[in-house]
Amino acid sequence: MMAVIAKRLVNHCVTILMKIESGAGLMKISNSISERVVRKLGRAFSGIIKKIKASHKKTVLERLSKNEPIFILGVQKSGTTAVAALLSEATRLPATLDIIRSIKRPYSKILRNYGIEDFGDYIYRYRREFSRKIIKEPSLTFDYQDLRAYFPKARFVIIFREPKDNIRSILNRLKVPGDLKELNTKEWPELNSSGAWRLNIDSSWLGHWPESYVDSLAYRWQLSAQIYFKNIDDFVLLRYEDFCQDKTGKITKLAEDLGLQVMRDFSDMVDSQFQPRGERVENYDFFYKENMLYIYKHCSEYAKKLGY
């Protein structure tokens, strides 16, 4: 909005200069002078707009820092959408179920990772989504420390799903088999059309150079577990399998743990399909073949700690 105002002001000045130049001898200003004036006006207005934006960003971040949001974290396809949606329905609190607008700008993760943008820029850009009480966005799992810094009063829920099943569910969503030695993203429509999903199967921007797409997904699962165990007192833990056994009971207990009041009977919604359903696998060794080694390598230690 501010950028639009600035452009209108500059265009208005240009119009005035053109009228002056076309006047019947009232004032004759050369084209070169006009252009210099317009450039100076443009720089001046640009500087003003930057100051206004910086001031507005500071005000927004200060206001948001006083909120007490609940962040629902965990890697993709671990049940975060269902849990956040049901918690929102049960408590009648507004929820952000994925920061949809950020999907069109997936490279912002890389910009933040290398310090080109800061996390405050991300929050400010999506301030509407961050203003709600319940915020579910799997990619924020790896931004936990920044979330804690910018939202000191926040509560955190993290959801885990057995890693073989979790990764299988992701691959089902992408319509990709689990046993490929190499994956060309251009050959798979779901990946070819989504930069966000391509980043999710590439852990190099997280500091891990994967040998395969399963290696990358297993590393992400491991990293989320490391974040949890390093900050275990800051999280409310929920396992996807336990949630599936008693959805009403687990959401009610989660609300209680978070100090929230259940405001309505939501039992009619617990079997809603919040994400596309995948295909169950009976033999994971057959599904992954050699790629199973990456899951054992990255996930075994933490899966055991989580009771898998």
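Seven residues, V75, N166, I167, I170, L217, R220 and W221, line the largest cavity of this protein, whose structure here is a predicted model. Two helices, α8 and α11, are the elements that give two or more residues to that lining. The volume enclosed is about 40 Å³, and when cavities of 30 Å³ or more are counted, the total comes to one. Sorted by chemical character, the lining of this cavity consists of five nonpolar residues, one polar residue and one charged residue. Rolling a probe the size of a water molecule over the atoms shows where empty space is left.

From the cavity we can step back to the whole chain. The protein has 308 residues, of which 46% count as buried, and its secondary structure comes to 15 helices and five strands. If we take the contacts between residues at least 6 apart in sequence, 74% of them join residues that are at least 24 apart. A search of the whole structure for disulfides finds zero. Two of the cysteines can be placed by their accessibility: C299 counts as buried because its relative accessibility is 1%, while C244 is partly exposed, with a relative accessible area of 35%.

The next topic is the packing of nonpolar side chains. The largest nonpolar core has 56 residues, and those with the most contacts inside it are F71, F130, L140, L147, L171, W221 and Y288. Helix α11, which runs over residues 213-230, gives the most to this core, namely 10 residues. A second core, separate from this one, has 23 residues, including L86, V236, F266 and M269. W221, listed among the residues with the most contacts inside the largest core, also appears in the lining of the largest cavity.

Y288 is a good residue to follow by eye. Once its neighbours within four places in sequence are left aside, Y288 is in contact with K164, I167, R168, L171, G178, D179, V214 and I295. One of these partners, I167, also lines the largest cavity, and another, L171, is named with Y288 among the residues with the most contacts inside the largest core.

A strand residue offers a further example of contacts made across the sequence. I70 lies in strand β1 and is buried, since its relative accessible area is 2% and the limit for that class is under 20%. Apart from residues up to four places away in sequence, I70 touches K133, I134, I135, R155, V157, L258 and L260. Its C-alpha atom is separated by 9.3 Å from that of A95, a residue 25 places away along the chain.

Open spaces can be followed in a similar way. The largest pocket has a volume of about 970 Å³ and is lined by 47 residues, of which K77, T81, F274, Q275 and P276 lie nearest its centre. Several helices share in this lining, for α3 (80-91), α4 (108-113), α8 (163-174), α10 (195-200) and α12 (240-245) each supply at least two residues. By chemical character, the lining of the pocket divides into 15 nonpolar, 16 polar and 16 charged residues. Helix α8 therefore appears twice in this account, supplying residues both to the lining of the largest cavity and to that of the largest pocket.

K77, one of the residues nearest the centre of the pocket, is found in the loop between β1 (70-73) and α3. K77 counts as buried because its relative accessibility is 14%, and its backbone has a positive phi of about 65 degrees although it is not a glycine. Most residues other than glycine have a negative phi. K289 likewise has a positive phi, of about 55 degrees, and is not a glycine. K289 sits in the loop between α14 (284-288) and α15 (292-305), and with a relative accessible area of 41% it is partly exposed.

A last loop residue to find is R92, which lies between α3 and β2 (95-97). R92 counts as exposed because its relative accessibility is 59%, where the class requires over 50%. When residues up to four places away in sequence are not counted, R92 touches M263 and R264. R92 and V262 are 170 residues apart in sequence, and the distance between them in space is 8.0 Å from C-alpha to C-alpha.

Definitions and conventions:
Residues are numbered from 1 along each chain as its sequence is written. This is a predicted model: local features need pLDDT of at least 70, side-chain atom pairs count only at pLDDT 80 or more; totals for chains, interfaces and linings use all residues. Side-chain values use heavy atoms; hydrogens and water are left out. A nonpolar core is a set of buried Ala, Val, Leu, Ile, Met, Phe, Trp, Tyr and Cys residues joined through side-chain atoms within 4.5 Å. Buried means under 20% relative accessible area, exposed over 50%, partly exposed in between (1.4 Å probe, protein chains only). Helices (H or I, at least four residues) and strands (E, at least two) are DSSP runs, numbered from the N terminus. Contact means heavy atoms within 4.5 Å. On a 1 Å grid over the protein atoms alone, a cavity is a set of points where a 1.4 Å probe fits but cannot get out, and a pocket is an open set with protein on both sides within 12 Å along at least five of seven lines; lining residues have an atom within 4 Å of a point. Grid points are joined across faces, edges and corners, and a volume is the space filled by probe spheres set on the points. Ala, Val, Leu, Ile, Met, Phe, Trp, Tyr, Cys and Pro count as nonpolar, Asp, Glu, Lys and Arg as charged, and the others, Gly among them, as polar. A disulfide is a pair of cysteine sulfur atoms within 2.5 Å.
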